[in-house]
Each structure stands twice: as C-alpha cells, then as structure tokens.
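Here are a few notes to read alongside the structure. Keep it open and find each residue as you go.

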Amino acid sequence: MTDIKDTTLRGVNLLRNPWFNKSSAFTEEERDELGLRGLLPPRVSTFDEQVTRLKGIIDTYEKPINKYIVLEGAHNSDESLYFELLVRYIDQFLPIVYTPTVGQACLQYSHIFRYARGLYVSTEDKGRVRQLVANVPHKDVDIIVVTDGQRILGLGDLGVNGMGIPVGKLALYTACAGVNPQKTLPVCIDVGTNNEELLNDPLYMGLRQKRVTGPEYDALIAEFVDAVRERWPNVVIQFEDFHNSHAYDLLDQYKDKVPCFNDDIQGTASVVLTGMFSSMRILKQQLKDQKVLFLGAGSAATGIAHLIADAMVEEGLTREEALARIKLFDSKGLVTKKRSAR
C-alpha cells in the first residue's frame with residue numbers, strides 16, 4: 001500500500017483518491033486522525049479480507065468484459081487492492097486486464113466508460129498541450145504509454161477507444177515489473193477516426209471527424225513530446241499501436257532525441273527473436289540458414305522481420321542476403337515492391 005503519510009487528503013477526498021484510499025482497511029487511529037470516523041462501516045477489514053471480497057465479486061460474473069469492468073472499478077478507487085489482487089491471481093486476471101479481454105473493452109470503451117484515467121490530447125488542444133500536461137496530478141512520471149488509436153491490436157482504427165491499451169499495458173508494468181503506478185501515465189492522442197461505426201455512434205467519446213494527418217498531425221505529436229519532456233525530463237515514451245503510416249516515422253524522428261521505443265516494432269520483435277535463438281540452440285542450427293515467412297505485414301511483423309535480418313547480418317550474411325530469406329504475406333498476398341497499392 002502507498003504510505004498514507006505521503007498525503008494531506010482527509011475525509012471523503014481521501015476515500016475518493018485511488019492512490020491513498022484503503023477503504024475499510026483504515027485503522028481505528030487513521031480514521032480518527034484523517035476524518036474518516038463515520039464514513040466507513042465500523043469494523044476494520046484486513047487487506048486479505050478485502051482481496052477475498054473483491055475476488056468473490058468478480059468470480060460471480062461469467063463474461064470476461066464484466067470482470068474487466070469490476071476490475072477497472074477497483075483500479076480507479078483503490079490501486080493497492082487492485083494490484084494486490086492482480087499479483088496474487090495473475091494467471092486468472094492477466095487475460096482480463098490485457099489481451100484478449102482488453103480488445104473487447106476497447107471496442108466498447110465509450111459504452112462502458114466510468115472513470116477518467118490518464119491524459120487525453122486532441123487536435124482541439126493545439127497550442128495548449130503544456131496546459132493539459134500541467135493538469136496531470138502526478139509529481140513524477142517515469143514511463144508514458146501513448147497511442148493514437150489507429151491500429152488497436154488486430155481491431156483497426158478505434159480512435160479514442162484505444163485508451164484501454166495504454167491503461168492495460170501500464171497495469172502490467174506494475175503487476176509484473178513492480179513499476180510504481182503513480183509514476184506511469186497512459187495517454188491517448190485523439191486526431192479523429194476513420195471508423196464510420198464510431199463516427200455514427202451517439203455515445204462515442206472521441207472527436208467526430210476524419211483522421212488528421214500530415215503536418216498538423218506531426219505538429220501535435222511534437223507539441224506533446226516537448227510538453228511531457230519539459231515537465232518530466234527523464235520520462236520514457238512508449239509508442240503503442242500506431243499505424244505503419246506513422247509508427248516508423250515517429251520512431252525515426254524521436255529515437256535519437258528522447259528515451260522512447262515502439263513496443264510493436266521493437267518490444268515484440270525482441271521477444272520473438274529471443275525465442276528463435278532458443279530454437280536454433282535446440283536444433284543446433286544458425287538463424288542465417290533459415291527462411292522466415294510472416295502471416296501479416298503490420299508494424300509488429302515488419303519490426304520482427306527487420307530485427308531478424310539484423311541478427312542474420314551479425315551471423316555473416318549481407319543485408320540483401322538476409323532480407324531475401326524473409327517474406328511477408330498479408331490479406332492481399334505476398335508483399336513485394338511491384339505489388340499494386342490497392
């Protein structure tokens with residue numbers, strides 16, 4: 001739990017703050033000292049009892065999306081309880097917090113929205129992004145996961161609904177790697193959506209406009225990067241679920257300027273390459289002698305392909321020889337330079 005001594009919050013304001021709220025686990029002394037007497041049931045609960053209670057509620061639901069909604073309710077009201085439950089039952093709740101359930105949560109994001117979490121930056125905020133960043137309550141931020149919602153998982157353009165991905169990814173950083181949740185920030189850059197279903201959805205919470213691209217898009221991203229780096233100079237920026245049309249350009253533009261990476265291009269690729277190296281050791285073969293075929297040609301696949309090519313070069317092939325051993329096949333067939341753009 002977060003040390004209650006680190007806050008000046010009292011009473012209802014304390015109970016409504018997810019970083020410091022302990023709900024029924026506040027001690028008798030804390031209830032008197034912090035103005036909580038009478039605002040909670042009289043019996044003090046143990047942390048284990050709280051975990052048991054929350055898990056019991058979640059287990060009553062059969063549909064994963066309903067479990068997700070209850071879990072996010074805890075995430076936004078009592079982070080210590082949320083992460084304790086997630087860590088204790090990681091096998092059970094990892095598929096709820098992230099894939100596959102997070103995909104369904106993103107599809108329904110504007111319909112199941114209950115609590116605002118993270119930072120939303122839209123094209124309407126051009127020129128005042130620093131003001132938005134200043135509104136974030138975090139004193140320090142070590143890691144930002146940011147998406148523009150254009151290529152969410154395998155679901156395509158979900159616009160602002162894609163915010164579920166940064167939220168879920170950062171929850172894993174805390175549960176699996178021990179990253180302080182108070183030093184993480186999920187961000188959604190809303191430049192519109194080309195998803196007609198969302199544009200016609202009366203409950204959709206994003207901008208009702210086609211996607212902005214080109215110089216206006218680049219300027220908004222640059223303003224965002226400058227603003228977060230100005231407030232948190234050492235923050236690491238993770239680009240998440242950007243379409244190929246932007247993913248590589250953003251990585252190339254910022255990789256030598258700020259601490260950043262693209263999880264789809266680099267993170268997934270490093271894990272896959274590690275697995276291939278392990279396979280080569282078992283087979284007593286070299287990666288440079290293999291031929292690799294990809295089903296799909298998105299940012300993840302192309303990122304993996306480039307890293308495999310790099311590894312083959314390190315084993316003695318030229319870049320051209322390495323690339324010749326790698327093919328990508330998508331819904332339109334084999335990817336070649338001569339293929340029609342249709």
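1. Let's begin with a small network: salt bridges link Glu-28, Asp-32 and Arg-37. Bear in mind that you're looking at a predicted model.

2. Zoom in on one link of that network, the salt bridge between Arg-37 and Asp-32. Their closest N and O atoms sit 3.0 Å apart. Why does that pair count? The cut-off is 4 Å, so a closest distance of 3.0 Å qualifies. As for background, side chains of opposite charge can pair when their charged atoms come close.

3. Is Asp-32 buried or exposed? Asp-32 is exposed, at 51% relative accessible area. Its partner Arg-37 has 43% relative accessibility, so Arg-37 counts as partly exposed.

4. Now move along to Arg-128, which makes a salt bridge with Asp-125; here the closest N and O atoms are 3.2 Å apart. Have a look at the surroundings of each partner. Asp-125 has a relative accessibility of 9%, so this residue counts as buried. Arg-128, on the other hand, is partly exposed, with 40% relative accessible area.

5. Next up is Lys-255, in a salt bridge with Asp-252. For this pair, the closest N and O atoms are 3.6 Å apart. Lys-255 comes out as partly exposed at 44% relative accessibility, and Asp-252 is partly exposed too, at 46%.

6. How many salt bridges are there by this rule? The count is 19, and the pairs above are among them: Arg-37 with Asp-32, Arg-128 with Asp-125, and Lys-255 with Asp-252.

How values were computed: Residues are numbered from 1 along each chain as its sequence is written. This is a predicted model: local features need pLDDT of at least 70, side-chain atom pairs count only at pLDDT 80 or more; totals for chains, interfaces and linings use all residues. Side-chain values use heavy atoms; hydrogens and water are left out. A salt bridge is a side-chain nitrogen of Lys or Arg within 4 Å of a carboxyl oxygen of Asp or Glu. Buried means under 20% relative accessible area, exposed over 50%, partly exposed in between (1.4 Å probe, protein chains only).
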